[in-house]
Amino acid sequence: MEAVSTRLSQLFVRTLREDPVDAEVASHKLLVRAGYIRRQAPGIFAWLPLGLKVRRKIEGIIREELEAFGAQEVHFPALLPREPYELTGRWTEYGDALFRLKDRKDADYLLAPTHEEVFTLLVKDLYSSYKDLPLSIYQIQDKYRDEARPRAGLLRGREFSMKDSYSFDYTDEGLDASYQAHRDAYERIFQRLGLEYAIVKADAGAMGGSKSEEFLHPTPIGEDTFVRSAGGYAANVEAFRTLPPAPLPIDGLPTAIVHDSPNTPTIQTLVDLSNAQFPREDRPWEAGDTLKNVVLALTHLDGSRELVIVGIPGDRDVDMKRAEVAFAPAEVEAATEADFAKHPGLVKGYIGPGFAEAPVLGETSATGIRYFLDPRVVDGTSWVTGANQHEKHVYGLVAGRDFVADGVVEIADVRAGDEAPDGSGPVELARGMEIGHVFQLGRKYAEALGLKVLDENGKLVTVTMGSYGIGVTRIMAVIAETNNDGKGLIWPKNVAPFDVHVIAAGREEVVFATAEALVDSLEESGFDVLFDDRPKVSPGVKFGDAELLGVPLIVIVGRDAAEGRVELWNRATGERSSVGLDEVGAALLAQ
RNA sequence: CGGGGCGUAGCUCAGCUUGGUAGAGCGCUCGGUUUGGGACCGAGAGGUCGCAGGUUCAAAUCCUGUCGCCCCGACCA
């Protein structure tokens, strides 16, 4: 590409001395202050020349890595008709987050939040043979989601730029290969962008796919909590699977005993009472010895409401997000007083599974309420739990002997120190910002929209798909978030709006003449140059603006200009060095 | 949707308690001095005080309603 130089006196920008009042995070403050973006509406931004330059650099890197494995770029409109989204059910499923509008004939349209439907239909339109596959196509395009709460500038907007790819295969092995190609490309993209990332297993639930991973950038302002082990395991909290302990032998365990347990409405009071009145010899009772039976109300897709009970170790709390995943697609909430009123068999505060000969919980029990267990409650474990009578608990109730469940679900919270399911050691919790997502969609969309091809045997087979996203504008914010100091932005070289920022510092004729000549020669050598040529602006202001704008390399043409020397200033390190005019190009390349 | 906060000049804010002709700093324009860390002097331009209604001789200020925005939480392929 032809190198360009831009004069700051002509550039459409105005830097702000103070932080905008509506900005909270560093990237938002700095991108607005430095004149890269301007707010138009909540979560919606206008892009100024500097902002567009950075955005295009990021897009360029993404394009190179996708084209490198054969993905091809297309472009769809953001404004789409309702029908395709009606066919897949997403017109309603997407809910309030979908921007809907009507045309003059009262027909429904939407501003697309993502494009699975129309990509699928376009492939259906053009292709009908297995010979045409595999295919990976992508676009870089603005997406629209009416977020309940846009925040943090570019990090969560209602309009944002996303690179979305879709792969089309006719075999599961093909899908695996396409998925891997995207995953590899994403790793290269984030490495080139200098972004730290963790690839975490994500919950695939709602989209109906089989395999899904998120690229999370670890940062305290991240919106997602994830877990990772020193041994390399990483997963979303929602996708974390507990490593179940081995079952224990049941033979020889003492029979369960019911004790009076007055005034024990909470786990802690129960533990205290147990240690005071029924101490055991080897060790004190702990919360983890108790089995807490949590009553949840599910609302199924058909609108029906069902109570379920989950037994979890008493030292754990319920993580409602994990519960949502466990019972998807049903909605989950805590049971209400009204729910309890409909089930007089439940003694609130003293609920337990009952005994083998008289089960209280479970599909085939007296109550008929489905009963699930945490994976830690394996056969042979012994518990203190409710005896289904007011102020009575049962001690030594053994899983697999005294009670069984209708299934195992994960609704308990994940904690630092829990063992990773792959045996790679204890996990720690970290915050992350999702910067990429790879997803095996499977045949859901192809099925709904009728995308089939003829295979080698002349038989129609449904295509299997993947979808892959990278948030372009979010990445720009994440880079800004990671690369700044108290004075302004510090862009990595490969996404900086310019290669060099030349400052004419001083008022003498020779300073400006020297700077002009230097800018010309740098441009000729292939550098994109931003030239601060403002005649009546003091050096301090120019230095401050240079730091704010964040071009990584700065050349100061000033007091030594007459002697043919200028200063090279590294924005990131703050180092300055004096170089001769004829060495500037080489010195810049050496930085 | 729940909680908190805020709407006054392009930006950041004061003024409101106790009603009386709209303010500051930065930015912008003109003239002059200055020029290696956000200079200075002088003269200017720029505001339906979010909107509507009410109280009052008089409302940025008091009352009612309404709209919008920001932050925290819930939510987020």
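Colleague: Leaving aside its neighbours within four places in sequence, which residues is Leu248 in contact with?

Modeller: In this predicted model, Leu248 contacts Asp379, Gly380 and Thr381, once neighbours within four places in sequence are set aside.

Colleague: How far apart are the C-alpha atoms of Leu248 and Thr381?

Modeller: They are separated by 6.5 Å, although the two residues are 133 residues apart along the chain.

Colleague: And where does Leu248 lie?

Modeller: Leu248 is found in the loop that runs between β13 (234-236) and β14 (257-260).

Colleague: Why does Leu248 count as partly exposed?

Modeller: Its relative accessibility is 44%, and partly exposed covers the range between under 20% (buried) and over 50% (exposed), so Leu248 falls in that class.

Colleague: Changing topic to cavities: how many of 30 Å³ or more are there?

Modeller: The count comes to one cavity of 30 Å³ or more. The largest cavity has a volume of about 70 Å³.

Colleague: Which residues line the largest cavity?

Modeller: The lining consists of Phe45, Trp47, Arg55, Asp142, Leu154, Gly157, Glu159, Phe160, Ser161 and Thr473. Two elements, β3 (44-47) and β9 (159-169), give two or more residues to this lining. The largest share, three residues, comes from β9.

Colleague: What is the lining of the largest cavity by class?

Modeller: It has four nonpolar, three polar and three charged residues.

Colleague: Now helix α12. Which of its residues are buried?

Modeller: Val511, Phe512, Thr514, Ala515, Leu518, Val519 and Leu522 are buried in α12. They cover an arc of only 160 degrees around the axis, which places them on the same side of α12.

Colleague: Why would residues three or four places apart point the same way?

Modeller: An α-helix has 3.6 residues a turn, so residues at that spacing point the same way.

Colleague: What is exposed on the other side of α12?

Modeller: Glu509 and Glu524 are exposed there.

Colleague: Which elements do the buried residues of α12 pack against?

Modeller: They pack against the strands β1 (5-7), β30 (500-504), β31 (529-532) and β32 (553-557), and against the helices α13 (539-549) and α14 (584-590).

Colleague: What span should α12 have, at 1.5 Å a residue?

Modeller: Helix α12 has 16 residues (residues 509-524), so the expected span is 22 Å. The end C-alpha atoms of α12 are 23 Å apart, which agrees.

Colleague: What phi does Gly526 take, just after α12?

Modeller: Gly526 takes a positive phi of about 100 degrees.

Definitions and conventions
Residues numbered from 1 in each chain as written. Chains lettered and ligands numbered in written order. Predicted model: local features only at pLDDT ≥ 70, side-chain atom pairs only at ≥ 80, totals over all residues. Heavy atoms only, no water. Helix = DSSP H or I, 4+ residues; strand = E, 2+ residues; numbered from the N terminus. Expected span 1.5 Å × (residues − 1). Buried < 20%, exposed > 50% of the residue type's maximum accessible area, 1.4 Å probe, protein only. Arc of directions from axis to C-beta. Contact = heavy atoms within 4.5 Å. 1 Å grid on protein atoms, 1.4 Å probe; cavity = no way out; pocket = protein on both sides within 12 Å on 5 of 7 lines; lining within 4 Å. Points joined across faces, edges and corners; volume = space filled by probe spheres on them. Nonpolar A, V, L, I, M, F, W, Y, C, P; charged D, E, K, R; others polar.
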